[in-house]
Amino acid sequence: MAFDLDLIRRVYAGMPDKIAAARKLLGRPLTLTEKILYCHTHETPERAYERGRDYVNFTPDRVAMQDATAQMALLQFMTCGRSKVAVPSTVHCDHLIQAKVGATQDLSTALDVNSEVYNFLSSISNKYGIGFWKPGAGIIHQVVLENYAFPGGMMIGTDSHTPNAGGLGMVAIGVGGADAVDVMAGLPWELKMPKLIGVKLTGKLSGWASPKDIILKVAGITTVKGGTGAIVEYFGEGADGISCTGRGTICNMGAEIGATTSLFAYGKKMADYLRATGRADVADLADGIIAHLRADEEVYQNPELYYDQIIDINLDELEPYVNGPYTPDLATPISQMAAAVKEHGWPEKVEVALIGSCTNSSYEDISRAASVAQSALNKGLKATSDYTITPGSETVRFTVARDGFLDTFTKLGGMVLANACGPCIGQWARHIDDPNRKNTIVTSFNRNFAKRNDSYAGTHAFVASPELTTAFAIAGRLSFNPITDKLKNDKGEEVMLDEPTGFELPPKGYDVKDPGYQEPATDGSNVQVNVNPISDRLQLLQPFAPWEGTELLGLRLLIKAFGKCTTDHISMAGPWLKYRGHLDNISNNMLIGAINAFNMETNKVKNQLTGQYDEVPKVQRAYKGAGIGSIVVGDENYGEGSSREHAAMEPRHLGVRAIVVKSFARIHETNLKKQGMLALTFANKEDYDKVREDDLIDITGLVNFAPGKQLVMLLRHSDGSSDAVMLNHTYNAHQIVWFKAGGALNVIRAEAAAGAM
């Protein structure tokens, strides 16, 4: 039986009338995305919402949080005056387990090292009615897909790869913790009505091609910001033929193109997965309203009339892809990889191959990778690279162990890691002789920004499917093409790896002894949540100060970031994850990965009070101590990547007043607004070049701050000259209230104190 079945019944019961009303309102057939969105509006729509323009209030069905982001989200929720969450919510302990020597010992170490944080998350979940998935239970997105996602639903999650649930037909969107607090507090959640990108899939996958290769190709077409402000909807005969978990892989990595989310329509593959994971009752309900869980037929017949952009992919012709290094949208088909390695001078030796992560850790993924491993063993081959395997959940791990796949990996030379994120987010104690040496790793993960996986700038990380990654582990070289190339076995014979085979679902069904779930207390009023005031892991939050009601004058430039500046650059993960519940401590990593445009170095900026260069957080603390505000200037797609709101809270905590960039990634812009920060963009992108290192800066127009009204940034240069730069913003009236109040949470607190909640 499914969790929250009554909720799903209520959603389905309301869909026919709501969809009919939306169809009448828009005066045309509806895409699947539109059906789900209009069924989840907080207010009854009185007009059609304009894509890419109108802000809309939604009522998501549920919230999911992973342990690294849940800490800050729940520390905020504690202060909002509610006794219980308003919607079903869960916490998943998957980020804090460091991959080092193997699953059993790594999990044991994590339970010891992180006991304070786990106890906090367990107790606060118990108090406020939140389901708690213990360390070792699995990666949030795989666990959600197995237990909570349902076709036609809407959820938010405090992780950028929440869209994984789109594999089960759910509009699932990654957000910051403050957004989660809104929904858990029973408030509407605001989103700009997304544009729609339709991806039409024809043909059928075969051979070495996999669902992962679809999204790798899409990333190459759209780039890392091509999906910004849009939902990607997959359709066509090719889409209907992809497994449910394969669809999850595609939707998961849609975050790498900046998409709000991605999703597939309901059909037999989803029904089969629901039944296999013990949710036949949900499948039966969905079967009864299947027409409402797919786009209208007219949309499929003439998609160009209903989507803002159409991408066509013929799966019969799709090659396996390898994306990278340093960015997930540099897409190279396997047939061209050897030439690309030579052309770009990428290190050819594959030192480590890693499969798993939230993107590719399903039963199907592991069974296909295991078939490649078994083919190698049958032909006298073993892994020549280090090789790791990360199951997605305890259910998957238990089932693949039962079916012998983990033994196959071990025989090949692989090491099985805990059911956790591990190396994908830098939680990996990698062993390397020289941390500055150029080297290559291949993963089946989703991101490959510099330093993300192992903190080493010299690591060239490439992304591929689990089966292709396994082939690279066996061959040990990046130029290897398993479709055409032979390998020498232990007898000196030339052999070829067989094409991957596998199972969408386990033939003997899923099985697990202990999935790792803790049901919350029915009444949490007597549950105590204690935070040690001298803890270096957890810190109770103090409200941010409201806006002073004046223009911002005499600001200093903290850093002018050059090029790609992701949330990993702004607030690194890896060893810093342990401070995710302590705002002051984690603020010591603020922007230490960003490249300073004036010296092309990281974590080295000029302190305008002393004239000396120092670490970014130290300089900002000096400004804060002197009562001086500052700004950060950035390039295109600033804040792409993870949903981590720490990247917005740290500048806010340390006294940065505004972030001024060429363009923002969606989640980060929203996170900044939620924390009462100014998130502004250059009206003329070339004005980025006018910002000088020693500038004194004024931002004016705030006393008349209004939607659509530009602000002015005056750059007063040290030579006595100046430049007035026009700034745009996307604040609506409600978001301006957040700014003036000092953050959205201050507004929630005020409403709670007034008895409005």
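Gly 177, Ala 178, Asp 179, Ala 180, Val 181, Asp 182, Val 183 and Met 184 are buried in helix 7. That is 8 of the 8 residues of helix 7 (residues 177–184), so the helix counts as mostly covered. The model is predicted. This briefing covers two buried helices, two open sheets, a helix pair and one loop residue.

**Buried helices**

- Helix 7 is followed by Gly 186. The phi of Gly 186 is positive, near 85°.
- Helix 22 spans residues 646–654, and 9 of its 9 residues are buried. Helix 22 is therefore largely enclosed by the rest of the structure.
- The buried residues of helix 22 are His 646, Ala 647, Ala 648, Met 649, Glu 650, Pro 651, Arg 652, His 653 and Leu 654.
- These buried residues pack against several helices: helix 3 (67–77), helix 19 (567–570), helix 20 (583–586), helix 21 (616–625) and helix 23 (666–674). They also pack against strand 28 (656–661).
- Gly 655 follows helix 22, and its phi is positive, near 100°.

**The parallel sheet of 4 strands**

- Strands of a sheet pair through backbone hydrogen bonds, either parallel or antiparallel.
- Here 4 strands form an open sheet, with parallel pairing. Their order is 10-9-8-11.
- Strand 10 (261–264) and strand 11 (309–314) are the edge strands. Each of them pairs on one side only.
- From one strand to the next, the twist averages 20°.
- Strand 9 (residues 230–235) runs parallel to strand 10, and 4 bridges join them.
- Which residue of strand 10 is the bridge partner of Tyr 234? The partner is Phe 264.
- Helix 10 (residues 244–253) packs on this sheet and touches strand 9 and strand 10. The direction of helix 10 makes about 160° with that of strand 10.

**Helix 8 against helix 10**

- Helix 8 (residues 211–222) packs with helix 10 at an angle of about 25°. Their axes are 8 Å apart.
- Is helix 8 roughly parallel or roughly perpendicular to helix 10? The angle makes helix 8 roughly parallel to helix 10, because angles under 35 degrees count as roughly parallel.
- The crossing of helix 8 past helix 10 is right-handed.
- On the helix 8 side, the contact involves Pro 211, Lys 212, Ile 214, Ile 215 and Leu 216. On the helix 10 side, they meet Gly 246, Thr 249, Ile 250 and Met 253.
- By class, this contact of helix 8 with helix 10 has 6 nonpolar, 2 polar and 1 charged residues.

**The mixed sheet of 6 strands**

- Another open sheet has 6 strands in the order 6-5-2-3-4-21. Its pairing is mixed.
- Strand 6 (171–174) and strand 21 (517–518) stand at the edges. Each has a single partner strand, so one side of each is left without a neighbour in the sheet.
- Strand 3 (residues 89–92) and strand 4 (residues 131–133) run parallel, joined by 3 bridges.
- Thr 90 stands opposite Gly 131 in strand 4.

**Arg 47 in its loop**

- Arg 47 lies in the loop between helix 2 (32–39) and strand 1 (55–58).
- Is Arg 47 buried or partly exposed? Its relative accessible area is 45%, so Arg 47 is partly exposed.
- Arg 47 touches Leu 25 and Asp 54, not counting residues up to four places away in sequence.
- Arg 47 and Thr 261 are 214 residues apart along the chain. Their C-alpha atoms are separated by 24 Å.

Conventions: Residues numbered from 1 in each chain as written. Predicted model: local features only at pLDDT ≥ 70, side-chain atom pairs only at ≥ 80, totals over all residues. Heavy atoms only, no water. Pairing = 2+ DSSP bridges. Helix = DSSP H or I, 4+ residues; strand = E, 2+ residues; numbered from the N terminus. Axes fitted to C-alpha atoms, helices over the stretch in contact; angles between N-to-C directions. Contact = heavy atoms within 4.5 Å. Buried < 20%, exposed > 50% of the residue type's maximum accessible area, 1.4 Å probe, protein only. Parallel < 35°, antiparallel > 145°, perpendicular 65-115°, else oblique. Left-handed = near helix turned anticlockwise from the far one by under 90°. Nonpolar A, V, L, I, M, F, W, Y, C, P; charged D, E, K, R; others polar.
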